[in-house]
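Here are some notes on the model you sent, set out as numbered points. They begin with one strand pairing and move outwards from there.

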Amino acid sequence: MSVHQLIRTVALVVIYLVVYCHGQKIIPVAVGREGDELKLRFSPEEVFAEVGDMIQFQFYPVNHSAVQADFGAPCVPMANNRGLGFFSGFRPLPLNTETIITFTINVTRPDPIFFYCSQGRHCQQGFVGVINPTVEQSLVAFKQAASAAPETLSPGESSTTPSIEPAPQTEAGLDKPPSPPDADNDRTTTNIGAIVGGALGGAAVLVVLVVFLVLLIMRRRRKAVTDDDAKTQLKYTIGKPELQQNSAYGSYL
């Protein structure tokens, strides 16, 4: 190869790289941070991207994920329904971290791409986002549906919501009528039996009330501790942590 051919080849490569890089954007999305505070939010929650752009999820403490979902099934991985969609995995980080982790996906379609955090009930608390929302498939509608979702799943997890079994039916398709009470048995019931039964029933009700009150007090104390921990985390701020680019990119299929 002559010097002129070498120069020409290098020039073509440079031009290709300039055009390619100019047309592709990397759009950052903070996971677990809004402004200078840690919050259960994606920031921004709405992203508008072109085909070919890359969405870089930047994870902040304490432990979050990014999971793709269908618009009609919030808080449930798309992978569970159709075998597609991205999942960042959980990214645990200490509160005093100085380095955050990233996960990047490629936008290959202009359709809306909905996602959520699958940690605890973060999804029900509004920890959701969307790429390229539309009027018919908006973030507001997805977030409202997510708030009523019965559970939050990660890819590979099965639903734990119990199914309701139909009531047994007769051959005619109707429930059998209850049997009439036995009059003879009613007449043989003594006053002593009624008194004993009433005493046992009252004791059972008292035990249930005591157990309920104990559980209620324990729940309120646990919630108070959880709220205090959450407030401490939300007040924590991070300066300018170093970003680490993933070596492997996730893909939106």
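1. In this predicted model, strand 6 and strand 9 run antiparallel and are joined by 3 bridges. Within this pairing, Ala69 has Phe114 of strand 9 as its bridge partner. Strand 9 covers residues 113-116 and includes Ile113.

2. The pairing belongs to an open sheet of 4 strands, whose order is 3-10-9-6 and whose pairing is mixed. Strand 3 and strand 6 (67-69) form the edges, each of them pairing on one side only. Helix 3, residues 139-147, packs on this sheet and touches strand 3, strand 6, strand 9 and strand 10 (128-131), with its direction at about 150° to that of strand 10.

3. Is Ile113 buried or exposed? Ile113 counts as buried because its relative accessibility is 0%, and the cut-off for that class is under 20%. The C-alpha atoms of Ile113 and Phe71 are 8.2 Å apart in space, although 42 residues separate the two in sequence.

4. Glu45 deserves a separate look, and it lies in the loop between strand 2 (37-43) and strand 3 (46-47). With a relative accessible area of 19%, Glu45 is buried, the limit being under 20%. Leaving aside residues up to four places away in sequence, Glu45 touches Gly126, Val128, Gly129, Val130, Leu139 and Lys143.

5. As for the interior, the largest nonpolar core has 19 residues, and Phe42, Ile55, Phe57, Phe86, Ile105 and Ile131 are those with the most contacts inside it. At least two residues of this core come from each of strand 1 (26-34), strand 4 (54-59), strand 8 (99-106) and strand 9. Another core, of 12 residues, lies apart from it and has Cys75, Phe114, Leu139 and Phe142 among its members. Such grouping can be read against the general tendency of nonpolar side chains to be buried together in soluble globular proteins.

6. Two residues recur across these points. Phe114, the bridge partner of Ala69, is also among the residues of the 12-residue core, while Leu139, another member of that core, is touched by Glu45.

7. For the protein chain as a whole, there are 5 helices and 12 strands, and buried residues make up 29% of the 253 residues. Among contacts between residues at least 6 apart in sequence, 71% join residues at least 24 apart. The accessible surface of the chain comes to about 16700 Å², with 61% of it belonging to carbon and sulfur atoms.

Methods: Residues numbered from 1 in each chain as written. Predicted model: local features only at pLDDT ≥ 70, side-chain atom pairs only at ≥ 80, totals over all residues. Heavy atoms only, no water. Buried < 20%, exposed > 50% of the residue type's maximum accessible area, 1.4 Å probe, protein only. Contact = heavy atoms within 4.5 Å. Core = buried A, V, L, I, M, F, W, Y, C linked by side-chain atoms within 4.5 Å. Pairing = 2+ DSSP bridges. Axes fitted to C-alpha atoms, helices over the stretch in contact; angles between N-to-C directions. Areas by Shrake-Rupley, 256 points an atom, 1.4 Å probe, with all protein chains shown as cover.
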